[in-house]
Amino acid sequence: MSDVFELATEHEQVVFCNDQASGLRAIVAIHSTALGPALGGTRFYPYPSTDAALHDVLNLSRGMSYKAALAGLDLGGGKAVIIGDPHTLKSEALLRAYGRFVETLGGRYVTACDVGTYSDDMDVIARECSHVTGRTVAHGGAGDSSVLTAYGVFQGMRAAATAAWGTDSLAGRTVGISGVGKVGRHLARHLVDDGASVVVTDVYAPAVAALVSELPGVAVVGSTQQLVASQLDVYAPCALGGALTDDVVETLSARIVCGAANNQLAHPGIEKQLADRGILYAPDYCVNAGGLIQVADELEGFSFERARQRATGIFETTKRVFELADADGVPPAVAADRLAERRMREVGRLRGVWVA
Ligand SMILES: NC(=O)c1ccc[n+]([C@@H]2O[C@H](COP(=O)([O-])OP(=O)(O)OC[C@H]3O[C@@H](n4cnc5c(N)ncnc54)[C@H](O)[C@@H]3O)[C@@H](O)[C@H]2O)c1
């Protein structure tokens, strides 16, 4: 097992939670509370080992600090994982045990949905814990966060179009979407409404069928490989992480990459390869922050209109990232990190000023 102190040198706190009777084995990682309580979802996943779970939660929680900072939220970064298969292990007792552990953190960590957890689960956790977002609409929650995630990705794409072509419209452009699940489906609708030609692919046939019945003008190809190789103006990875591999970057004809998937860069250095090929990459955590904005709004008593207004700001934030990238002569992914780090430093520092 890895040494947690060596792996988590940047993290403030890592908490291991164990409840043998319900089978709960969870890890909560708080990366930073410089800007506020650490908000991030709970991933319920059958990790092959505790080590794998630890690596994932540390990476994911760090990513949340950057996402919240760049989105201008008063939130830090955290994430939690529950180890096990949600289909067989999830129970009321386990979720409530987990809720009690989250409660012990006194609000330093606020949880939400992620892979393997849903709004209904958040309602159960909330029976033991006050620091829960992403709850069902019936319980005052924001509901499905993919609505504003897709809207935010569309705003990021408009900013990228402005930087690449001098127009904020995607009309007349061909946009390829890999993955038409919750986010990709909404994104396709925004694009069609804007006058773009949309080409999609998904490994899950019912997802494609549902989209085509809603938007009959959308074209379909058989695989992500085919999509990447076809003539595109914009490529939107909306399935899994690691979408931008060496091969994909070599093959792409698109001028812009802008999609919802987290952790799109397959390895460090890919951001430079994209820039060298003249492909404008809109950093994933910059453009996919709409969902975080939506669940964060719940902390103030959810208003969809207020959250939508904030998600509209992703257009300006993405523009700023491109401007800084140009000014500093670095890829946009590096510029986004610099902007996020600057805000954590400058605004986080103010907490050192004692207020009576
Ligand atoms: N839902 C949100 O609010 C949100 C917020 C931020 C980031 N994201 C990220 O956006 C991505 C999409 O999220 P979602 O909520 O739409 O998930 P989802 O599971 O609803 O949809 C993902 C879709 O991708 C498809 N897919 C999987 N592997 C594929 C492959 N190899 N090629 C083509 N399609 C494939 C799946 O069949 C599914 O239809 C994820 O990476 C997620 O982490 C989502």
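Reader: Is Cys17 buried or exposed?

Author: Burial is read from relative accessible area: buried means under 20%, exposed over 50%, and partly exposed in between, with a 1.4 Å probe and protein chains only. At 5% relative accessibility, Cys17 counts as buried. The model is a predicted one, in which local features need pLDDT of at least 70 and side-chain atom pairs count only at pLDDT 80 or more, while totals for chains, interfaces and linings use all residues. Residues are numbered from 1 along each chain as its sequence is written, and side-chain values use heavy atoms, with hydrogens and water left out.

Reader: How many disulfides does a search of the whole structure find?

Author: A disulfide is a covalent bond between the sulfur atoms of two cysteines. The criterion is a pair of cysteine sulfur atoms within 2.5 Å. Searching the whole structure gives 0 disulfides.

Reader: Why is there no bond from Cys17 to Cys129?

Author: The closest cysteine sulfur to that of Cys17 belongs to Cys129 and is 11 Å away, which is too far for a bond. For Cys113 the closest cysteine sulfur is also in Cys129, at 13 Å, again too far for a bond. Cys113 is partly exposed, its relative accessible area being 27%.

Reader: Which residues come nearest to the ligand?

Author: A residue is near a molecule if one of its heavy atoms lies within 4 Å of it. There are 21 residues around the ligand, and Ser145, Thr149, Val183, Asp202 and Ala239 come nearest. By class, this shell divides into 9 nonpolar, 9 polar and 3 charged residues. In that division, Ala, Val, Leu, Ile, Met, Phe, Trp, Tyr, Cys and Pro count as nonpolar, Asp, Glu, Lys and Arg as charged, and the others, Gly among them, as polar.

Reader: Which helices each supply at least two residues of the shell around the ligand?

Author: Helices (H or I, at least four residues) and strands (E, at least two) are DSSP runs, numbered from the N terminus. Helix H6 (146–165) and helix H7 (182–194) each contribute at least two residues to the shell.

Reader: Which atoms of Ser145, Thr149 and Ala239 lie close to oxygen atoms of the ligand?

Author: A polar contact is a pair of N or O atoms within 3.5 Å; within protein, one must be able to donate a hydrogen and the other to accept it, and residues adjacent in sequence count only if both atoms are side-chain atoms. In Ser145, a polar side-chain atom is 2.9 Å from a ligand oxygen. In Thr149, an N or O atom of the side chain is 2.7 Å from an oxygen atom of the ligand. Ala239 takes part through its backbone, where a polar atom lies 2.7 Å from a ligand oxygen. On its own the ligand has 830 Å² of accessible area, of which the protein covers 73%. These areas come from the Shrake-Rupley method with a 1.4 Å probe; for residues, only the protein chains shown count as cover.

Reader: With which side chain does Arg135 make a polar contact?

Author: The partner of Arg135 is the side chain of Asp123, at 2.8 Å. Arg135 sits in the loop between helix H5 (119–125) and H6. With 18% relative accessibility, Arg135 counts as buried.

Reader: How many aromatic pairs does the structure hold?

Author: Rings of Phe, Tyr and Trp (its six-membered ring) pair if their centres lie within 6.5 Å; planes under 30 degrees apart count as stacked, over 60 as edge-to-face and the rest as tilted. The structure holds 3 aromatic pairs. One of them joins Tyr45 and Tyr47 edge-to-face, with 5.1 Å from centre to centre and 65 degrees between the planes. Tyr45 is partly exposed at 40%, whereas Tyr47 is buried at 10%. Phe302 and Phe304 have ring centres 6.5 Å apart and planes at 75 degrees, so this pair is edge-to-face. Phe302 is partly exposed at 24%, and Phe304 is partly exposed at 36%.

Reader: Where does Asn263 lie, and what is its phi?

Author: Asn263 belongs to the loop between strand S10 (256–257) and helix H11 (270–276). Its phi is near 50 degrees, a positive value in a residue other than glycine. Asn263 counts as exposed, at 53% relative accessibility.
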